[in-house]
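Student: I am new to this structure and would like a close look at one part of it, with the surroundings explained step by step. Please take me through the nonpolar interior, after a brief stop at a loop.

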Amino acid sequence: MFTVVIPLYNKNNYISRAVSSVLTQTFLDFELIVVDDNSNDGSVERVLGINDNRLVLKVLKENRGVSYARNYGVKKAKYSYIAFLDADDEWLPNHLHVLNQLIKSYPQAKMFSSRHETINEQGKILIRKEVNYNYKSYCINNFLCMYKNDYSLINSSSACISKDFLLNEIGGFPEGKTNGEDIFVWIGASLKSYVAFSVKKTVVIYRDAANRSINRQWNIPYYVEYYLPKVFNTEDRDLKSFIRKGVLTSFVSLLLNDNYSFNTAFKFIKFIYVYDKFNLIICLIIWTTPVSFLEIFRKLKTLFNKV
């Protein structure tokens with residue numbers, strides 16, 4: 001039924017938790033493929049120490065990036081549905097059961113997901129904005145409109161996609177891209193198929209100092225890079241609105257990033273100038289905000305992650 005794919009790179013302290021959460025699922029018809037992206041911190045040895053015949057470890061000879069690792073696992077899968085989990089997150093025991101219910105209830109859908117909760121480095125649950133739904137599950141035909149207002153709809157630890165659909169219709173995850181590559185897939189899938197969603201929280205996302213995106217090297221999110229040049233020639237208002245919001249949130253995340261540089265911001269401004277004059281003005285206003293205000297935003301961001 002399911003092939004679970006976990007891309008792994010230097011997550012020695014977390015991978016056992018992720019793998020254990022898969023192997024203790026109440027739904028039993030699955031295989032688990034862990035694709036190690038040439039880790040050097042003992043992650044491989046940690047996985048090798050887990051004895052379960054449902055677990056398959058694939059070790060890449062060189063570091064190829066998370067998209068390549070995911071695609072590699074998908075191509076090796078023997079089942080029709082691919083459920084993804086990041087190596088530093090975990091599932092609740094009913095996650096695959098809930099996904100199976102969605103697949104049976106909404107055969108017209110090709111992508112499936114459930115809600116998640118987020119826990120910070122102090123072990124506290126972060127309260128996120130969530131839309132209140134009237135039903136326990138949905139088959140969504142206006143996914144981008146809903147996703148724009150409720151990011152708990154899907155992520156790289158809750159998503160499940162038809163294998164053939166992902167490889168043949170979407171083309172897999174964009175290899176060589178390290179930011180927004182997953183959202184690129186969610187957008188592509190939603191434009192070509194229905195998305196089924198359960199309001200049950202079956203996934204736990206961890207935001208600690210080691211894996212917060214604010215610490216990573218920033219680059220233009222791939223979904224913005226790909227869709228912004230195309231979006232203003234389309235009549236799809238939901239896609240246009242989603243990408244425009246993505247431009248603003250991406251620029252703000254750049255300014256708050258620990259690796260912020262003037263040259264990177266200028267590169268993004270030039271990119272926006274070509275395709276999105278309205279957002280260009282807003283970004284310039286944000287960019288010229290006094291440094292003291294940006295420092296306040298940065299401190300609020302840090303405080304938010306600790307609350």
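Student: To begin with the loop, is Asn10 buried, partly exposed or exposed? After that, please turn to the nonpolar core and the residues around it.

Tutor: The model is a predicted one, with a mean pLDDT of 88 over the chain and 89% of the residues at 70 or more. Residues 303–307 have a pLDDT below 50, although this stretch has 11 contacts in the model beyond near neighbours in sequence.

As for your loop, Asn10 is partly exposed, because its relative accessible area is 25%, and buried would require a value under 20%. Asn10 sits between β1 (2–8) and α1 (15–23), and its phi is near 55°, which is a positive value in a residue other than glycine. Asn38 also has a positive phi, of about 65°, although it is not a glycine; Asn38 belongs to the loop that runs between β2 (30–36) and α2 (43–48), and at 32% relative accessibility it counts as partly exposed.

Now to the interior. In soluble globular proteins, nonpolar side chains tend to be buried together. Here the largest nonpolar core has 51 residues, and the members that touch the most others are Phe143, Trp186, Ile187, Ile243 and Phe251. Helix α9 (residues 237–256) supplies the largest share of this core, with seven residues. A second, separate core of 30 residues includes Leu32, Ala83, Tyr106 and Phe112.

Phe251 is a good place to look more closely. Once its neighbours within four places in sequence are set aside, Phe251 is in contact with Ala265, Phe268, Ile269, Cys283, Ile286 and Trp287. One of these partners, Cys283, lies in helix α11 (residues 277–287), and it counts as buried because its relative accessibility is 0%. With the same kind of neighbours left aside, Cys283 is in contact with Val247, Leu248, Phe251, Ile269 and Ile272. Cys283 and Ile272 are 11 residues apart along the chain, and their C-alpha atoms are separated by 8.9 Å.

Finally, nonpolar residues are found on the surface too: Tyr260, Phe262 and Phe266 form a patch there, with about 310 Å² of accessible area together. Tyr260 is placed in the loop between α9 and α10 (262–275), and it is partly exposed, since its relative accessible area is 32%.

Methods
Residues are numbered from 1 along each chain as its sequence is written. This is a predicted model: local features need pLDDT of at least 70, side-chain atom pairs count only at pLDDT 80 or more; totals for chains, interfaces and linings use all residues. Side-chain values use heavy atoms; hydrogens and water are left out. A nonpolar core is a set of buried Ala, Val, Leu, Ile, Met, Phe, Trp, Tyr and Cys residues joined through side-chain atoms within 4.5 Å. Buried means under 20% relative accessible area, exposed over 50%, partly exposed in between (1.4 Å probe, protein chains only). Helices (H or I, at least four residues) and strands (E, at least two) are DSSP runs, numbered from the N terminus. Contact means heavy atoms within 4.5 Å. Patches are made of residues with over 30% relative accessible area and no salt bridge: like charges are joined within 9 Å, nonpolar side chains (Val, Leu, Ile, Met, Phe, Trp, Tyr) within 5 Å. Accessible areas come from the Shrake-Rupley method with a 1.4 Å probe; for residues, only the protein chains shown count as cover. A salt bridge is a side-chain nitrogen of Lys or Arg within 4 Å of a carboxyl oxygen of Asp or Glu. pLDDT is the predictor's confidence in each residue, from 0 to 100.
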